[in-house]
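Visitor: I would like to learn how to read a sheet and a ligand site from coordinates. Could we go through them step by step?

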Amino acid sequence: MTGGDSRRQTWSAASYDEHARFVSDLASGVLDWLAPKSGERILDLGCGDGVLTAELAAKGAGVVGVDASEDFVRACQARGLDVRLMDGEALTFANEFDAVFSNAALHWMTRPERVIAGVARALKPQGRFVAEFGGHGNVAAITTALHAVAMRHGKDVRLAHPWFFPSVETYRGLLEAQGFAVARIALIPRPTPLKTGMASWLKLFNSPFFHQFGENFDAAVNETEELLEPALCDAQGNWTADYVRLRVEARTS
Ligand code: BEZ
């Protein structure tokens with residue numbers, strides 16, 4: 001995790017590689033829905049450290065990635081990928097892509113109308129938008145534990161849930177309002193083993209929440225972990241995150 005403004009989520013490509021490799025490892029379902037073809041132009045929205053961007057490029061697609069994290073963009077460019085620093089809520093492409101793809105990124109963009117408008121602009125006619133991200137009920141136990149720890153200590157409970165996890169109905173409505181036809185959409189419960197434990201997940205994915213505890217940062221992480229243990233840790237000490245994915249394919253007209 002990088003330093004900087006402690007209320008802003010920041011990323012370190014090295015930390016992500018160590019503690020969140022499962023994010024790209026578990027993307028085969030949404031990649032199947034995308035079914036990329038050689039020669040297609042594809043935008044990878046919120047491409048992170050570029051592992052899936054590289055996979056799409058290896059299949060012969062002309063891929064452009066965008067991410068709002070400077071560290072991720074630097075890491076992608078170092079491996080020769082065409083990846084640009086760009087806010088997903090302010091995409092600047094017009095009528096350029098056969099498909100827009102996104103994995104595990106859209107829940108960080110809390111103004112989805114802006115994201116969807118940018119995706120619609122970026123796509124050619126009959127273009128497809130294929131995405132997977134946190135859906136309604138995602139990390140519910142984790143969020144509840146964070147909320148409880150904030151309440152106990154008089155801290156800001158809003159930092160316990162900085163994400164956008166829509167239901168099928170909500171996301172379908174948002175897409176249709178901007179002219180997309182939804183081909184398929186589903187909520188998929190996907191309990192996710194955390195090989196490097198819960199504390200590292202908490203610190204990687206919600207550091208702004210713990211920074212509000214100042215010097216008690218680690219104590220707050222431990223307290224959250226204690227609350228979660230009965231629900232998410234097995235008798236052998238293996239942690240599982242209570243992920244629920246929203247997977248969608250929609251098309252422009
Ligand atoms: C997710 O991929 O569902 C997720 C990742 C980090 C924080 C919250 C959700």
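Visitor: In what sense do strands β1 and β2 pair, and over how many bridges?

Guide: Pairing is read from the bridges between two strands, and in this predicted model strand β1 (residues 41–45) runs parallel to strand β2 (residues 62–67), with 5 bridges joining them. Within β1, Leu 43 faces Val 64 of β2.

Visitor: What is the strand order of the sheet, and which strands lie at its edges?

Guide: The order is followed from one neighbour to the next, which here gives β3-β2-β1-β4-β5-β9-β6, an open sheet of 7 strands with mixed pairing. At its edges are β3 (83–85) and β6 (181–189), each of which pairs on one side only. On average, neighbouring strands are turned by 15° against each other, if direction is ignored.

Visitor: Which strands do helices α5 and α6 touch or lie across?

Guide: Helix α5 (residues 70–78) packs on the sheet and touches β2 and β3, its direction making about 155° with that of β3. Helix α6 (residues 112–122), in turn, lies across β1, β4 (97–103) and β5 (123–134), and runs at about 145° to β5.

Visitor: Which residues surround the ligand, and which side chains have an N or O atom listed with a distance to a ligand oxygen?

Guide: The shell consists of His 107, Trp 108, Asn 138, Trp 163, Phe 165, Trp 201, Phe 205, Tyr 243 and Arg 245, and by class it holds 6 nonpolar, 2 polar and 1 charged residues. A ligand oxygen is 2.2 Å from a side-chain N or O atom of Arg 245, while the corresponding distance is 2.7 Å for Asn 138 and 3.5 Å for His 107. Of the 260 Å² of accessible area that the ligand has on its own, the protein covers 98%.

Notes: Residues numbered from 1 in each chain as written. Predicted model: local features only at pLDDT ≥ 70, side-chain atom pairs only at ≥ 80, totals over all residues. Heavy atoms only, no water. Near = heavy atom within 4 Å. Polar contact = N/O pair within 3.5 Å; in protein donor to acceptor, adjacent residues only side chain to side chain. Areas by Shrake-Rupley, 256 points an atom, 1.4 Å probe, with all protein chains shown as cover. Nonpolar A, V, L, I, M, F, W, Y, C, P; charged D, E, K, R; others polar. Pairing = 2+ DSSP bridges. Helix = DSSP H or I, 4+ residues; strand = E, 2+ residues; numbered from the N terminus. Axes fitted to C-alpha atoms, helices over the stretch in contact; angles between N-to-C directions. Contact = heavy atoms within 4.5 Å.
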